[in-house]
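Got the model open in your viewer? Keep the selection tool handy and we'll walk through it stop by stop.

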Amino acid sequence: MTLGETAQSRLSEIAGCSQAGEGVTRLPFTPEHKAALEHILSWMRAAGLDVHMDNAGTMVGRLEGPKGSKTLLIGSHQDSVPSGGRYDGIMGIVLGCLAIEKLQNECITLPLSVEVLAFADEEGVRFPTALLGPRTCAGTFDASALDLADNDGVTLGCALEDFGGDPTRLDQLARAPSDVLGYLEAHIEQGPVLEGQGAPLGVVTGICGIERNLLRFTGTTGHAGTVPMADRQDALVAASRFIAAVSDKANETNAIRATVGSISVHPNAVNAIPNVVNFPLEVRSISDEARLGFTDQMRKLGDQIARDRNLSFEMEQTYSQPAVTCDQGLSNALSAAVESAGHRLITLPSGATHDASAMSDLCPIAMLFVRCKNGLSHHPDEYANAADMNAAIDAIAGFLVSLTPDELAYGDN
Ligand code: HGY
Ligand code: MN
Ligand code: MN
């Protein structure tokens, strides 16, 4: 059985740690998360790692290197979106463990310490916040997020405490940058590029930035049968014009991904003119300048549509995350390892965000993408094949071995 096939079998097993229903639904600090940790614990122990769960619910597996050497962190997230796939996040954890297991089996000792980190919550589905694990590592976690609640009114702080974490000691998890050489995340591509290029692996150049705004059009409600069309201040018609224009404008450039993923209408009655419509607008781009410019353009468009129809328009930012660039030195080492493993080198940006986005506040980052069937992700049919995962394990192992001791001299940056 190849290590890629072992990865496939492990991912199939842990996919069972899910709420009932199609695909994988594994949210942070739930029974499904607790069950998944048992599998992750066994993977880390099989790789010879010392394992513990930290106060943020991150499962940490560590292989101690030579005294005073720096640590290379490998990681990704254990959680999924509702009815998601078997690979998003969890793949990076199993591939990290198997790459270290491969080196152990080949009696190769590394000139550095290595850790595998299984972060609890990257998707931000259960709570209106995300990246708890990497932000505690980077010392950038905002403790006010602990008061944010899920749909059942359970706060992040309570859920974390009930799970065995300690929300009062998260600030003690911050790593000293001088101890860390960098962070590597292997992840299914979640897009069609590698499949289109016929390549199993890709080295990521950078991770997109995100901005989310809540938008509101406010008009006047009235009887659907008696108010003449010309006299209406219909908030849903205005929002519809706006949303169609967002898509048209985003289609004019490949630099932008703009999405309206949900909408609420008031009074939401078949025979009443809608007077209040709320919806989120998410804008992503690898270029922060392009993202900010597009969002500003959309704000002006909303004002114009509201003026033309005698409505009011509001737009309030609810989330923002800048684009991050992967470290050139680590990416060069990763690229060399991909080619030494016998694979063509493809480099590409990431339209999805990752734990690496937050880890970039701590240390240099690198990402390795694995080919994704039909580019499908956040979907039950998400799939990566064993041969490609085997190639990734070889590349990660080769990357670890290639990191030269002088780069790892303690405290050299
Ligand atoms: O939204 C994202 O890009 C990630 O999957 N959380
Ligand atoms: Mn995801
Ligand atoms: Mn992910």
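Start by selecting ligand 1 and everything near it, where near means having a heavy atom within 4 Å. You should get Glu 122, Glu 123, Arg 284, Ala 352, Thr 353 and His 378. Sorted by class, that shell holds one nonpolar, two polar and three charged residues. Here Ala, Val, Leu, Ile, Met, Phe, Trp, Tyr, Cys and Pro count as nonpolar, Asp, Glu, Lys and Arg as charged, and the others, Gly among them, as polar.

Before going further, know that this is a predicted model, in which local features need pLDDT of at least 70 and side-chain atom pairs count only at pLDDT 80 or more, while totals for chains, interfaces and linings use all residues. Residues are numbered from 1 along each chain as its sequence is written, chains are lettered from A and ligands numbered from 1 in the order in which they are written, and side-chain values use heavy atoms, with hydrogens and water left out.

Now draw some distances from ligand 1. A polar side-chain atom of Glu 122 sits 3.0 Å from a nitrogen atom of the ligand, and Glu 123 also places a polar side-chain atom 3.0 Å from a nitrogen atom of ligand 1. For His 378, look for a polar side-chain atom 3.2 Å from an oxygen atom of ligand 1. The protein covers 89% of the 220 Å² of accessible area that ligand 1 has on its own (Shrake-Rupley method, 1.4 Å probe; for residues, only the protein chains shown count as cover).

Next, click on ligand 2, a manganese ion. Which protein donors hold the manganese ion (ligand 2)? They are Asp 88 (OD), Glu 123 (OE) and His 378 (NE2), 2.0 to 2.1 Å away from the ion. A donor is an N, O or S atom within 2.8 Å of the metal (3.2 Å for Na, K and Ca), and since water is not among the atoms, sites may look incomplete. Along the chain, the donors of ligand 2 follow the spacing D-x34-E-x254-H. Asp 88 is in the loop between S3 and H3, and Glu 123 is in the loop between strand S4 (113-119) and helix H4 (132-138), 35 residues apart. Helices (H or I, at least four residues) and strands (E, at least two) are DSSP runs, numbered from the N terminus.

Stay on Asp 88, which bridges ligand 2 and a second manganese ion, ligand 3; the two ions are 3.5 Å apart. Ligand 3 is coordinated by His 77 (NE2), Asp 88 (OD) and His 187 (NE2), at 2.1 to 2.3 Å. Its donors have the spacing H-x10-D-x98-H. Asp 88 and His 187 come from distant parts of the chain, 99 residues apart, with His 187 in strand S5 (residues 180-188). Both are buried, a word that means under 20% relative accessible area, with exposed over 50% and partly exposed in between (1.4 Å probe, protein chains only). Asp 88 has a relative accessibility of 6%, and Glu 123 is buried too, at 17%.

For the next stop, select H3. Of its 16 residues, 14 are buried, so H3 is largely enclosed by the rest of the structure. Just after H3, Cys 107 takes a positive phi of about 50°.

Then jump to strand S10 (residues 276-285) and pick Glu 282. Glu 282 is buried at 16% relative accessible area, and its side chain joins that of Arg 284 through a polar contact of 2.6 Å. A polar contact is a pair of N or O atoms within 3.5 Å; within protein, one must be able to donate a hydrogen and the other to accept it, and residues adjacent in sequence count only if both atoms are side-chain atoms.

Finish on the backbone and a helix. His 266 and Pro 267 are joined by a cis peptide bond, with omega about 5°. Asn 374 is not a glycine, yet has a positive phi of about 55°, and this residue is exposed at 54%. At the start of helix H11, a side-chain oxygen of Asn 385 comes to within 3.1 Å of the backbone nitrogen of Ala 387. The buried residues of H11 include Ala 386, Met 389, Ile 393 and Phe 399. Finally, select Ser 9 and Ala 386: their C-alpha atoms are 9.1 Å apart, though 377 residues separate them in sequence.
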